[in-house]
Amino acid sequence: MNFSDIAGEYERLASLQRSAGERLLSLLRIARDEDVLDLGCGTGGLTRRIRKLTAGRVVGVDPSPAMLERAVEESRGQEIAYELKSAEELDFAGCFDVIVCNSAFQWFREPEKAVGNCFRALRRGGRLGMQAPAKRAYCPSFIEAIERVRRDRRTSSTFSRFREPWFFLESAAEYKRLFESAGFKVRLSRIECTTTEHTPEEVFKIFSSGAIAGYLNPACYDVELTEEYVSAFRQVVRRSFEEQADERGLVRLRFHRIFLLAVKA
Ligand SMILES: C[S@@+](CC[C@H](N)C(=O)[O-])C[C@H]1O[C@@H](n2cnc3c(N)ncnc32)[C@H](O)[C@@H]1O
């Protein structure tokens with residue numbers, strides 16, 4: 001399980017990424033003539049929103065072939081260029097006014113290198129807006145479900161061989177420093193905690209729109225994943241979300257998210 005496996009379902013499941021992306025766009029205020037790079041664009045939902053905001057060049061970059069294939073399909077006739085590469089491989093120099101990076105930064109393998117590449121890709125005066133889950137306890141409901149997986153006798157042994165693929169920092173000041181060390185002036189760095197309410201089934205769908213691409217990714221384990229493990233993992237997680245529901249049948253889903261705005265002054 002990785003982004004290739006969820007590409008087909010992503011747009012339908014990714015409601016939280018979408019609303020956070022809208023907030024990021026409102027912070028960035030993209031002008032009609034600006035050239036924009038959407039970094040970690042996934043299936044291109046936000047890239048198409050960006051296309052409507054500017055008459056300039058719009059480029060989407062993502063390392064997942066299936067996510068990008070979907071983006072290309074859904075964006076036919078819309079003058080968006082897509083490139084299959086990671087943030088670490090980004091090789092643009094001085095050609096964008098804005099970089100948008102929504103719900104992707106936590107997946108970057110080498111964040112310092114990626115931030116340096118973003119700095120190079122921007123023109124002087126260009127700006128970058130980034131939104132991503134922040135803090136190791138980025139979503140307490142997910143962490144609680146994963147604690148169950150860690151303890152359940154059907155999953156504990158295999159899960160002990162799981163290594164998290166994500167990059168999280170604990171404070172807005174640490175994110176700020178990371179971008180400053182690449183040369184950026186950071187205009188805003190804030191970790192916000194949002195709470196939304198959902199049925200356990202909806203929470204499972206939200207979990208399946210991103211987190212599951214790490215938790216059930218064979219590359220994050222040093223043992224083979226069996227069908228039994230994957231099925232038990234899903235059951236334990238679903239069960240935990242059911243048990244987290246209140247008397248109305250709703251789970252209060254809290255998410256810590258970093259919103260960062262940086263300028264290449
Ligand atoms: C949760 S999706 C977000 C997609 C889109 N930005 C959105 O707002 O819906 C995360 C994306 O980050 C991409 N990603 C993972 N590692 C990356 C890297 N090193 N560089 C750039 N993108 C990466 C994944 O392939 C995936 O498409």
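## Close-up views of a predicted model

**View 1. R190 and E192 pair in a salt bridge.** The closest N and O atoms of R190 and E192 are 3.2 Å apart; a salt bridge is a side-chain nitrogen of Lys or Arg within 4 Å of a carboxyl oxygen of Asp or Glu. R190 is partly exposed at 39% relative accessibility, whereas E192 is buried at 17% (buried: under 20% relative accessible area; exposed: over 50%; partly exposed: in between; 1.4 Å probe, protein chains only). Elsewhere, E197, D246, R248 and R252 are joined into one network by salt bridges that share partners. The structure holds 20 salt bridges. This is a predicted model, in which local features need pLDDT of at least 70 and side-chain atom pairs count only at pLDDT 80 or more, while totals for chains, interfaces and linings use all residues. Residues are numbered from 1 along each chain as its sequence is written, and side-chain values use heavy atoms, with hydrogens and water left out.

**View 2. E74 and R70 form a salt bridge within helix α4.** The N to O distance between the two side chains is 4.0 Å. E74 and R70 are 4 residues apart in α4 (residues 65-74), so about one helical turn separates them. Helices (H or I, at least four residues) and strands (E, at least two) are DSSP runs, numbered from the N terminus. E74 is partly exposed, with a relative accessible area of 39%, and R70 is partly exposed at 29%.

**View 3. E83 and K85 form a salt bridge.** Their closest N and O atoms are 2.8 Å apart. E83 is partly exposed at 24% relative accessibility; K85 is buried, at 13%.

**View 4. Helix α11 and the elements packed against its buried residues.** The 18 residues of α11 (227-244) reach 26 Å from first C-alpha to last, close to the expected 26 Å (1.5 Å times one less than the number of residues). Buried residues of α11 include Y229, F233, V237 and F241. The buried residues of the helix pack against α6 (140-151), α7 (156-159), α9 (200-208), α10 (212-215) and β7 (251-263), contact meaning heavy atoms within 4.5 Å.

**View 5. The ligand and its surrounding residues.** Of the 17 residues around the ligand, Y10, G40, D62, A87 and N102 come nearest (a residue is near if one of its heavy atoms lies within 4 Å). A polar backbone atom of A87 is 2.8 Å from a ligand nitrogen, and a polar side-chain atom of E88 lies 2.9 Å from a nitrogen atom of the ligand. An N or O atom in the side chain of N102 is 2.7 Å from a ligand oxygen.

Terms used: A polar contact is a pair of N or O atoms within 3.5 Å; within protein, one must be able to donate a hydrogen and the other to accept it, and residues adjacent in sequence count only if both atoms are side-chain atoms.
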